[in-house]
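Please walk me through this structure step by step, beginning with how its helices pack and ending with the charged side chains that pair across it.

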Amino acid sequence: MLLLLAFGLTLVYMGIADRVRRHIDMLILQGVLLFGMAIVQLHHIDVLNLVIILLETLVVKAVVLPLFLLRVKKKNEISRVSTQAVSGFSKGLWMAVIIAFSFTAGHLLHESSDAIQAKYFSVGIAAILTGIMLIVKHDKVLTHLMGYLVLENGIFLLTLAVGGEMPFIVNGAILLDIVLAVLVLGLIINRLSTSFGATALSHLSELKD
């Protein structure tokens, strides 16, 4: 429960923070927390799959991808998640709506089915919606990358919510898509920076061969 609470707090912080470095720090923490939750929830699966999942959560989510984001941030000198000014009240309101909706959905689901763990389901939905919010509400490609990673973390929590059924297959396939998206968008960031000295999505329509 404490791990889930800490994960939820990282979502709230990401929803209201402006600094890219703070978002990356939260992604590192999320990877560590997912590592802990996987140990708690998936102890019943075979050892090989468990080891692979643990390595993926701790090594890929908490180390490899954050290091890549830090490298992109440093190379392109990106400090804020958006070029647009978004009020703290607006972001806080969005996060309140996301949390309220997620836990209401989890409560309703718990009443209709005991097979799904409502706590993991609620936080997973909150992570997915937070990731979508980061993608929709901000205009920098790097912020979109972080939004995709938060979204994937939420999907991983949903696999834990249903008792860890085939978590390696589900999470492996999703992570592959996310890694490819990160690499492609990383190239786009570098191209935008080289061509325009900026990394906002508004410049994408101006890119040419």
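To describe how two helices pack, one fits lines to their C-alpha atoms over the stretch in contact and takes the angle, from 0 to 180 degrees, between the N-to-C directions of these axes. In this predicted model, the axes of helix 1 and helix 2 come within 10 Å and cross at roughly 160°. Because an angle over 145 degrees counts as roughly antiparallel, helix 1 is described as roughly antiparallel to helix 2. The crossing of helix 1 with helix 2 is left-handed. On the side of helix 1, the residues in contact are L3, L4, A6, F7, T10, L11, Y13 and M14, and on the side of helix 2 they are R22, H23, M26, L27, L29, Q30, L33, L34, G36 and M37.

This pair of helices belongs to a chain that contains 7 helices and 0 strands, so that, when read along the sequence, it follows the pattern α-α-α-α-α-α-α. Of the 209 residues of the chain, 44% count as buried, and the chain exposes about 10400 Å², of which carbon and sulfur atoms supply 69%. Among the contacts with a separation of 6 or more, 72% are accounted for by residues 24 or more positions apart.

One residue of helix 2 deserves a separate look. H23, which is found in helix 2, has a relative accessibility of 1% and therefore counts as buried. Once its neighbours within four places in sequence are set aside, H23 is in contact with M14, A17, D18, V81, L134 and M146.

D18, one of those contacts of H23, leads on to the charged side chains. Side chains of opposite charge can pair when their charged atoms come close, and in this chain the count comes to 5 salt bridges. The side chains of D18 and K91 meet in one of them, with an N to O distance of 2.4 Å. This pair links distant parts of the chain, since D18 sits in the loop between helix 1 (2-16) and helix 2 (20-41), while K91 belongs to helix 4 (residues 88-112), 73 residues apart. The two partners differ in their exposure: D18 is partly exposed, with a relative accessible area of 34%, whereas K91, at 6% relative accessibility, counts as buried. The salt bridges here also extend beyond a single pair, as D18, R80 and K91 are linked in a network.

A second salt bridge stays inside one helix. R21 pairs with D25, the closest N and O atoms being 3.0 Å apart, and because these residues are 4 residues apart in helix 2, they are separated by about one helical turn. Both ends are partly exposed, R21 at 38% relative accessibility and D25 with a relative accessible area of 25%.

What, finally, does K61 form a salt bridge with? Its partner is E152, and the closest N and O atoms of the two side chains are 2.1 Å apart. K61 lies in helix 3 (residues 47-76) and E152 in helix 6 (residues 141-161), so this salt bridge ties together parts that are 91 residues apart in sequence. Buried means a relative accessible area under 20%, and therefore K61, at 5% relative accessibility, counts as buried, as does E152 at 1%.

Conventions
Residues numbered from 1 in each chain as written. Predicted model: local features only at pLDDT ≥ 70, side-chain atom pairs only at ≥ 80, totals over all residues. Heavy atoms only, no water. Helix = DSSP H or I, 4+ residues; strand = E, 2+ residues; numbered from the N terminus. Buried < 20%, exposed > 50% of the residue type's maximum accessible area, 1.4 Å probe, protein only. Contact = heavy atoms within 4.5 Å. Areas by Shrake-Rupley, 256 points an atom, 1.4 Å probe, with all protein chains shown as cover. Salt bridge = Lys/Arg side-chain N within 4 Å of Asp/Glu carboxyl O. Parallel < 35°, antiparallel > 145°, perpendicular 65-115°, else oblique. Left-handed = near helix turned anticlockwise from the far one by under 90°.
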